[in-house]
Amino acid sequence: MKKLLYTSLLATGLFFSSCSSYLDVNDDPNNIQRVQVSQLLPSVTVNIGYMGASDLFRYASLLSQQFSGQGPNTGFGTFKEYERYNINDSDVNGQWVRIFGTTVSDLELMIAQATREGSPHYAGVGKILKAYVYQIVVDAWGDVPYTQAGKHSENFYPAFDDDEVIYKDLTRLIDEGLTDVNAATSALSPNQFSTIYSGTTWAVSKDKWIKFANTLKLRIFLHYSAKDQAYASQQITALVNSGAKFMESPADNFQMAFLAESQRQNPLYSMENGQFKNQFFPNRFIVNLMNGKSDPRRSAYFIPFPFNSSPATFKGASVLDTDPSSAYSRNYQYIYGTPSAPNTAMINPDGSLRDGAITFSGAGPARLLTFAEYNFIRAEAALLYGAPGNAQSFFEAGIRASMTDAGVAAANVTTYLATQGTLTGTNQQKLEQIITEKYVANHAVLMEPWTDYRRTGYPALTPHKTPMAIYDEVPRSLFYAQSEINNNPNAKQKASMLDRVFWDTRK
């Protein structure tokens, strides 16, 4: 499995260096359907894992005030600029091309080939993964190429589909995927040829794919709540009452594991450990939020500042700061993996850390959808939309699952729940509690904190204002890639980053 992962990561790394060289690995670019599905799936899951820890992840984390950009200009723009909402069309070129030129392309090939070759288990996993990718893509951009995307030489200029139409089709696609993974026979089954949900048997992997698919449907339906509450309520209730299986523990988290080896580490850590040092620090908003609750997850999320202070203290950064970038807490093992012992010779007198004072394995996973999030979805749905279950029970379960992911001791979980684990007040106040706890639990989860803020207005971020920022409010979507605008006559650039995704109806 490590060799397979290495091969996939190497291929991905080469693609990052030269997007246009992707199809060059095939002898006949008009006959790329002959690639085996067992080779296509790890390429897909690796690229989804990278998506979960690269550009979209970084943009969303900056916009939702989980990260602060503190580094100098790197030649790729500055992350401080991104934090002040200056993410332009050329900045998203790489992510857009990787999604549509590699991930979507490979998914289309895998689904078609698996169907032709009588391997519905592979086709089903491909459809579920395609639904996940497009849920993320729609949440980032709104209208995007869908029905005509990934067709290779059949269509170089795909039309853009309406984002709401895409969203509604994703649930159909997931249902098709579930039918396929439940097929009685399949020439090949993807239990071992995957970097996500790899199992010793297909039965083990199949169970996780089913639970993930149904949990993803819940997320999609919940996103409708501000746009069409009746639809969200009806669909969530029907899905829960159908007896569908959902995530049952953190072991079911949909995430991509990285390895503690050079070239196979979490991309965020690789970037911070390479030429992009001191780019991302914990944002003041999330640090202060957790400080105010004495949240025990802080010791897994952040390095104390000053280091070795007693009791441990944490200080977040902001784009508004003029302090040296070393004068803050730093991201810790929850994102970067197992830490080394600190090199005391590299700790400055003020308690700040020099580069290399603590190194990490880099094996922190890319978290894409977790059991903790599932519980917060159920809590919100039960509270506001009449869905089955008890909001309080799911709220508490979400906190417990997040604490488990962060390695918090049981006694500390009990203490936290005693003061922060009970929903109180009006339904709107309870919703704020749910989303705020979900925001902390979804630290380092791709896109969802930004999506929840756009959808509900929680947590109560303080947007940066002009003239320091480009807009007076947190952006609602990303610009389309300049490469797409230049090369696809069907692509029309949006007016600004305040253009909204269809489900974003909050005033």
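Which residues does leucine 478 touch, not counting residues up to four places away in sequence? In this predicted model, the contacts of leucine 478 under that restriction are Leu56, Tyr59, Ile87, Val92, Ala140, Trp141, Trp450, Lys494 and Met497.

Leu478 also belongs to the largest nonpolar core, which has 151 residues. Leu478 is among the residues with the most contacts inside this core, together with Tyr132, Trp141, Val144, Phe212 and Phe254. Helix H6, spanning residues 120-141, supplies the largest share of the core, with 14 residues. Trp141 thus appears in two lists, being a contact of leucine 478 and one of the core residues with the most contacts.

The internal voids were examined next. Searching the whole structure yields 4 cavities of 30 Å³ or more. A volume of about 60 Å³ is found for the largest cavity. The lining of this cavity is formed by Gly52, Ala53, Phe57, Asn266, Leu268, Ile335, Pro365, Ala366, Arg367 and Ala444. By class, 7 of the lining residues are nonpolar, 2 are polar and 1 is charged.

A further site considered is serine 318, located in the loop that runs between strand S6 (302-303) and strand S7 (330-331). Serine 318 has a relative accessibility of 7% and therefore counts as buried, the cut-off being under 20%. With neighbours within four places in sequence left aside, the residues in contact with serine 318 are Ser68, Gln70, Glu83, Arg284 and His464.

Conventions
Residues numbered from 1 in each chain as written. Predicted model: local features only at pLDDT ≥ 70, side-chain atom pairs only at ≥ 80, totals over all residues. Heavy atoms only, no water. 1 Å grid on protein atoms, 1.4 Å probe; cavity = no way out; pocket = protein on both sides within 12 Å on 5 of 7 lines; lining within 4 Å. Points joined across faces, edges and corners; volume = space filled by probe spheres on them. Nonpolar A, V, L, I, M, F, W, Y, C, P; charged D, E, K, R; others polar. Core = buried A, V, L, I, M, F, W, Y, C linked by side-chain atoms within 4.5 Å. Buried < 20%, exposed > 50% of the residue type's maximum accessible area, 1.4 Å probe, protein only. Helix = DSSP H or I, 4+ residues; strand = E, 2+ residues; numbered from the N terminus. Contact = heavy atoms within 4.5 Å.
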